[in-house]
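Ready to work through a structure with pencil in hand? Take a look at the picture first, then try each exercise before reading its solution.

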Amino acid sequence: MKIAVCIKRTPDSESRFKVAASAAGIDETGLKFDLDDFASYAVEAALQINEKGGGGETVVYAVGPDSVQESLRKAMSMGADRAVQLKADPVADGIAVARALAAELKSGGYDLVLFGKHSFDNSAGVVGTATAELLGLPCVTAASELNVSAGKGTARRELEGAAELVEFPLPAVVTIDEGVARPRYPSLKGIMAAKKKPLESKPAQLGAVRVTIARMELPPERPAGRILGEGTAAIPELVRLLQNEAKVL
Amino acid sequence: MANVLVVAETRNGELRKVAFEAVTAGRKLADASGGGEVHALLAGPAGIGGKAEQLARYGADVVIVVESADFAQFARESLAATAADRARAGRYRAVVLGFSSQGRDLGPRIAARLDAPIAADVTELAVTGDTITAKHPGYANKVIVTLTLSGAPVVLSVRPSAFTAAETPKAGRVEQGQATPASGPTVRVTEVKEGAKGRPDLGEASIIVSGGRGLKARENFKLIEELADAFGNAAVGATRAVTDDGWRPHADQIGQTGRQVSPQLYVAVGISGAIQHLAGMRTSKTIVAINKDKEAPIFKVADYGIVGDVLEVVPALTAAVKEARKGH
Ligand SMILES: Cc1cc2nc3c(=O)[nH]c(=O)nc-3n(C[C@H](O)[C@H](O)[C@H](O)COP(=O)(O)OP(=O)(O)OC[C@H]3O[C@@H](n4cnc5c(N)ncnc54)[C@H](O)[C@@H]3O)c2cc1C
């Protein structure tokens, strides 16, 4: 089946973050960037669907500056067939990004368009669902299980204290949660092959950008932790503090 | 003066806590924009209109009741279309909803339909002239981002528990509204599997007891359950190590790739405190950690730590908490 996967490049989640001098972004010096975690689950899901189906095509898309090409190559080294960069400076307006993706995907003839359920940097989860709306396609958000076959699919979504099982016709958009597929590591052969796979770059049709980052700051530090003691001997003190200091008992 | 539309979340014919929080956030926004009205959209199956009074109590001037058999389940396309139509007709300054699993799904749909800017997972809101600024935590709660949104309406989804629902009774004049049917192919719910009954959801609980690999075996999770019971109405969470091993369902996972929670009390039992786990719970008001390794990173964020074996400490703590809560 013909599958598009829209990805993002984000910094390593283990990093310590600093705010840039401009205060309108993070200081990127020394940060390691990679294909976003949920996006990598989406790439893996697409590859598995096509491997099982024995054929098809997996195309990866990213909106962003030239640095996103590295993540597009990573997706191709995992097995995606080709990549498209929709070139733009970083944008904080998810609807504008969705507009650019929808304009590009509209005539792509895709059976399935996958996204990560959200990206690590802002965890907003706007772009995938908004793209689906603009394309007029059904959309399952945050799927933790996904099965697709000719013309239709089923998925599971985790709700607060419940889970929802759904079915939907193809073509469709699905945003991927943890649980669907664990991403593979690119093989050496995959990395070599990715270098020769086509990566097309063209300007993103963002339209009006109406959300901008005014400021970033670090949250207040938690006060340093405090160890009360060892073993059961520390319990009376803990209970006392929970009653009198934290006031939760 | 500008009015705000709140999309009130319901499930199984009941309003969710996040609905009241969204009304409170909407109220703040309307008051800050020169005293506008808050209109709450209350969509659900027949009979949902009976809940209108609850929304009025939290500050809804008008409650738009839309009853439709389709809304017995999460009819996402129709619900988004209904909200967007109402937003368009009412010329609202903002559409506010909760950043719950339902709100995460609906917010971008409504924004796309209205071609409106959206800020998600909002923890603070401010209005200055024509612009709305919204704060939201980014980079797994490690950075606070302030966004500026221009144009009207804007869509804002508020992080659960960030706005404490406050009673500010208003008239809550009831208007009957119409559901807009979905215009294209839709996602159909085939089944809703209700989770374990009798425990609050992780996002709504004021106390969470969470277990990690330090519990050693699936059976030992009953110690976590018992401690949660001792606290009264506590929820139970887990680390990815535990959900990966299948000791607990994925839905219980707290962290960067799981749920993000901010309870009054978070008790971390046999949890090392990996950065991806901290990402989901570091904003908790009070953190307690029990771990046998005094160097475990969880102790760096724990207000109160106990170094010890969970199999020994937890049953004793359960007994002590029960004792302390006697008479509750
Ligand atoms: C991309 C990515 C995303 C991730 N997302 C998440 C996420 O959302 N949530 C999450 O939780 N993790 C996540 N992880 C995994 C995370 O890195 C850790 O591996 C995980 O949190 C560890 O779980 P744990 O603390 O239960 O286990 P461990 O790290 O194995 O820690 C067990 C702890 O128990 C203690 N212990 C052992 N025996 C006892 C005993 N008898 N009594 C007392 N203490 C004892 C040990 O000292 C240790 O500190 C993610 C990882 C990656 C790479």
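Some exercises follow, each with a solution in steps.

This is a predicted model, where local features need pLDDT of at least 70, side-chain atom pairs count only at pLDDT 80 or more, and totals for chains, interfaces and linings use all residues. Residues are numbered from 1 along each chain as its sequence is written, chains are lettered from A and ligands numbered from 1 in the order in which they are written, and side-chain values use heavy atoms, with hydrogens and water left out.

**Exercise 1. Get an overview of chain A.**

Step 1: Start with the secondary structure. Chain A has six helices and 13 strands; helices (H or I, at least four residues) and strands (E, at least two) are DSSP runs, numbered from the N terminus.

Step 2: Now the dimensions. Along the principal axes, the C-alpha atoms of chain A fill a box of roughly 65 × 45 × 40 Å.

Step 3: Check how much is covered. Of the 249 residues in chain A, 54% are buried. Buried means under 20% relative accessible area, exposed means over 50%, and partly exposed is in between (1.4 Å probe, protein chains only).

Step 4: Look at the contacts (heavy atoms within 4.5 Å). Among contacts in chain A with a separation of 6 or more, 71% are between residues 24 or more positions apart.

**Exercise 2. Work out what surrounds helix 4 of chain A.**

Step 1: Find the helix at residues 127-135; its buried residues are A:Gly128, A:Thr129, A:Ala130, A:Thr131, A:Ala132 and A:Glu133.

Step 2: Ask what covers them. From chain A, the cover includes helix 3 (94-105), strand 6 (112-116), strand 7 (139-149) and strand 10 (172-176). Chain B joins in with its helix 4 (101-114).

Step 3: Follow the chain just past the helix. There A:Gly136 takes a positive phi of about 70°.

Step 4: Go back to A:Glu133. Its side chain meets that of B:Arg113 in a salt bridge (2.8 Å, N to O). The term stands for a side-chain nitrogen of Lys or Arg within 4 Å of a carboxyl oxygen of Asp or Glu.

Step 5: Widen the view. A:Glu133 and B:Arg113 belong to a network of salt bridges that also links A:Arg157, A:Glu164, B:Arg76, B:Asp105 and B:Arg109.

**Exercise 3. Describe how chain B and chain A meet.**

Step 1: Count the residues in contact: 88 from chain B and 78 from chain A.

Step 2: Turn to the area. Chain B and chain A bury about 7100 Å² between them, 55% of it on carbon and sulfur atoms. Buried area here is the accessible area (1.4 Å probe) that two parts lose on being put together, summed over both. In chain B, the residues losing the most area to chain A are B:Tyr139, B:Lys142 and B:Tyr304, together 11% of what that side buries.

Step 3: Add the charged pairs. Twelve salt bridges are counted between chain B and chain A, while the structure holds 47 over all chains.

Step 4: Zoom in on one of them. B:Arg240 and A:Glu178 pair up at 2.3 Å, N to O. This pair runs from helix 6 (residues 240-244) of chain B to the loop between strand 10 and helix 5 of chain A. B:Arg240 counts as partly exposed because its relative accessibility is 33%, whereas A:Glu178, at 3%, counts as buried.

**Exercise 4. Compare that with the two domains of chain B.**

Step 1: Mark the domains, whose bounds come from an automatic or database domain assignment. Domain 1 of chain B covers 4-176 and domain 2 covers 207-324.

Step 2: Locate their centres. Taken over C-alpha atoms, these are 33 Å apart. Four residues from domain 1 and five residues from domain 2 make the contact.

Step 3: Look at the area. The two domains of chain B bury about 470 Å² between them, 52% of it on carbon and sulfur atoms. B:Ala140, B:Asn141 and B:Lys142 supply 74% of the area that domain 1 buries against domain 2, more than any other three residues.

Step 4: Search for salt bridges across this domain interface: the rule finds zero.

**Exercise 5. Is B:Arg16 buried or exposed?**

Step 1: Place B:Arg16 in the loop between strand 3 (14-15) and helix 1 (17-32) of chain B.

Step 2: Apply the cut-off. B:Arg16 counts as buried because its relative accessible area is 15%.

Step 3: List its neighbours. Leaving out residues up to four places away in sequence, B:Arg16 touches A:Glu160, B:Glu9, B:Thr10, B:Arg11 and B:Glu204.
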